[in-house]
Amino acid sequence: MAFSERVSRLKSSLIREILAAAQRPEVMSFAGGLPAEAMLPKVEWADMPLALGQYGMSEGEPALREALAAQARALGLECEASQVLVVSGSQQTLDLAAKLYIDKGTEILLEAPTYLAALQIFQLFGADCLTVPQESDGPNLAQLRERLEQHRPAFIYLIPTFQNPSAVRHSEAKRAAVAALLDEFGVTLIEDEPYRELTFDGGSAKPIAGRLKKSSWIYTGTVSKTLLPGLRVGYLIASKDLFPHLLKLKQSADLHTNRIGQWQALQWIGTEKYQRHLSELRGFYRQRRDAFQAALEMHFSDLAHWNMPQGGLFFWLKLKQPLDTRTLLNEALANDVAFMPGEPFFPEPDNHHGHLRLNFSHIDPARLDEGLKRLAAVVRRAQLEKAA
Ligand SMILES: Cc1ncc(COP(=O)(O)O)c(C=O)c1O
C-alpha cells in the first residue's frame with residue numbers, strides 16, 4: 001500500500017503492547033505510568049453549562065488559560081494567558097513541536113534516556129536524535145556543551161522534574177547552567193513537566209524556561225498525573241515568537257481541545273480543593289514509594305542499583321550484570337508480571353542494555369512483594385542462563 005514516506009519510520013509503542021498484555025486481572029503490572037485508581041478524584045459534572053457542547057476557541061477556554069498562566073507565574077515562569085494553548089494532553093505538545101521543527105534529518109537534542117513516546121513522535125518525523133547522558137542531578141554539562149559546539153539542533157527536549165523514565169530531578173545548579181548554555185548557543189527549549197506536582201520532599205525548582213533570557217521556549221504540562229488522564233487536557237506555554245505557529249498547527253490538528261475536559265480541569269486548577277487533592281496524592285504516593293523501596297531492597301539489592309525517587313511515578317533500576325531486558329518480557333508475562341524494559345528509552349537501544357523502569361503508583365500493595373519476587377526470579381534465571 002502507498003502510505004506516506006514517514007510511516008515507514010512509525011514504530012509501535014512497546015508500552016502500549018505491554019499494557020495490552022497486562023490487561024489480564026492476574027497480571028501484577030509495574031509497566032504503565034498510571035495514577036492509582038484509588039486516587040482518581042470524584043468529579044462532578046452536574047453544573048457544566050450545556051453551551052460547552054458548542055465549538056470552542058482553538059487557544060482553549062479563556063478562564064482556563066488565565067488560571068494556567070497564573071499557576072506558571074507562581075513557579076517563576078513569566079507569561080501571560082495569551083501565551084497559553086490548551087492541548088489534548090501534553091503528548092499533543094510533542095506532536096505540534098515535531099511538526100513545527102522536524103524534517104527528515106533535522107538534528108534534535110535529548111537526554112538519554114528520555115520519554116519513549118517523545119522519541120516515537122520525533123523519529124516519525126525523521127529527527128536525527130543526538131543525546132546527552134543523564135546523571136543523577138541532570139544532564140552531563142561538558143557533553144551538552146560539546147554537542148552544542150558541534151551541532152545546531154533545532155531544539156533540546158528536557159524533562160527536568162522527576163523524569164520519565166529515570167526519576168531524575170535536575171539540580172538548581174544544572175538548571176541554571178543549562179539555561180545559560182541554551183542562551184549562549186541560541187537553542188530552543190522544550191520543557192515537559194507532567195510530574196512536577198508529584199514531589200515527596202516538598203522541593204520545587206523554577207522551570208528552566210523561566211531562566212532563559214534569549215532563547216525561544218515551549219513549556220508543557222498536563223492534568224493527567226494529578227487529576228484524570230482520561231480528560232485529555234494538557235497545555236503548552238510558549239515564547240511569543242513561537243505561539244502563533246503552534247496555534248495554527250493546533251487548529252489544523254483538531255480545531256480545539258475538548259471543552260468538557262477543559263471545564264472539568266478548570267473546576268480544580270488554582271483552587272484550594274486542588275491543593276488539598278495534591279497533598280493527599282503526594283502522601284499516598286510517598287507511602288507507595290516507601291513500600292516499593294523496602295520490597296526492592298529485599299528482592300533486588302543483589303541484582304541492581306537504583307536511586308530512591310523524590311517524586312514522580314518510577315524507579316529506574318540498573319542491573320549489575322547488564323543484559324537486554326527486552327528478552328525478559330515474555331518470561332515475566334508468563335509469570336504474570338509486567339514491567340517496562342529500559343532499552344527503548346534510548347534512541348540507540350542496543351547500546352544501552354540493562355535498565356528496568358518500574359512504576360510504583362499503580363500496583364496493589366498486597367501484591368507488590370510477590371510481583372517483585374517473581375520479577376527478580378526472572379532476572380536471576382536469565383543471568384544464570386547467560387553465564388552458562
Ligand atoms: C514525560 C511525559 N510527557 C508527556 C506525557 C503525556 O501525558 P499526557 O497524558 O498529558 O498526554 C507523559 C505520560 O506519561 C510523560 O511521561
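Where does Thr 257 lie? Thr 257 is found in the loop between α7 (243-254) and α8 (259-266), where helices (H or I, at least four residues) and strands (E, at least two) are DSSP runs numbered from the N terminus. The model is a predicted one, in which local features need pLDDT of at least 70 and side-chain atom pairs count only at pLDDT 80 or more, while totals for chains, interfaces and linings use all residues. Residues are numbered from 1 along each chain as its sequence is written, and side-chain values use heavy atoms, with hydrogens and water left out.

**View A. The surroundings of Thr 257 in the loop between α7 and α8.** Thr 257 has a relative accessibility of 1% and therefore counts as buried, the classes being buried under 20% relative accessible area, exposed over 50% and partly exposed in between (1.4 Å probe, protein chains only). A polar atom of the Thr 257 side chain lies 3.0 Å from the backbone oxygen of Val 86, and the side chain of Thr 257 also reaches the backbone nitrogen of Ser 88 at 3.4 Å. When neighbours within four places in sequence are left aside, the residues in contact with Thr 257 include Val 86, Val 87, Ser 88, Gln 92 and Arg 232, contact meaning heavy atoms within 4.5 Å.

**View B. Arg 232 and Asp 336, two residues with positive phi.** Arg 232, in the loop between β8 (217-222) and β9 (234-238), has phi near 55 degrees, a positive value in a residue other than glycine. With a relative accessibility of 36%, Arg 232 counts as partly exposed. For Asp 336, in the loop between α10 (329-334) and β12 (337-338), phi is near 60 degrees, again a positive value in a residue other than glycine. Asp 336 is buried, at a relative accessible area of 17%.

**View C. The cis peptide bonds that precede Pro 113 and Pro 165.** The bond from Ala 112 to Pro 113 is cis, with omega near 10 degrees, and Pro 113 is placed in the loop between β3 (107-112) and α4 (116-124). The bond from Asn 164 to Pro 165 is likewise cis, with omega near 15 degrees, and Pro 165 belongs to the loop between β6 (155-158) and α6.

**View D. The interface of domain 1 and domain 2.** The protein is divided into domain 1 (5-40 + 274-383) and domain 2 (54-271), with bounds that come from an automatic or database domain assignment. The centres of the two domains, taken over C-alpha atoms, are 24 Å apart, and 36 residues of domain 1 are in contact with 38 residues of domain 2. The area buried between them is about 3300 Å², with 64% given by carbon and sulfur atoms; buried area is the accessible area (1.4 Å probe) that two parts lose on being put together, summed over both. On the side of domain 1, Tyr 274, Phe 345 and Pro 347 lose the most area to domain 2, together 22% of what that side buries.

**View E. Salt bridges between the domains, with Lys 104 and Glu 5.** The count between domain 1 and domain 2 is two salt bridges, each defined as a side-chain nitrogen of Lys or Arg within 4 Å of a carboxyl oxygen of Asp or Glu. Lys 104 forms a salt bridge with Glu 5, and the closest N and O atoms are 3.7 Å apart. Glu 5, Arg 9 and Lys 104 are linked in a network of salt bridges.

**View F. The salt bridges Arg 282 to Glu 197 and Arg 326 to Asp 350.** The side chains of Arg 282 and Glu 197 meet in a salt bridge at 2.8 Å, N to O. This pair links distant parts of the chain, with Arg 282 in helix α9 and Glu 197 in the loop between β7 and β8, 85 residues apart. Arg 282 counts as buried at 16% relative accessibility, whereas Glu 197, at 24%, counts as partly exposed. In the other pair, Arg 326 forms a salt bridge with Asp 350, the closest N and O atoms being 2.7 Å apart. Arg 326 lies in the loop between β11 and α10 and Asp 350 in the loop between β13 (340-341) and β14 (355-359), so this salt bridge ties together parts that are 24 residues apart in sequence. Arg 326 is partly exposed at 29% relative accessibility, while Asp 350 is exposed, with a relative accessible area of 55%.

Conventions:
A polar contact is a pair of N or O atoms within 3.5 Å; within protein, one must be able to donate a hydrogen and the other to accept it, and residues adjacent in sequence count only if both atoms are side-chain atoms.
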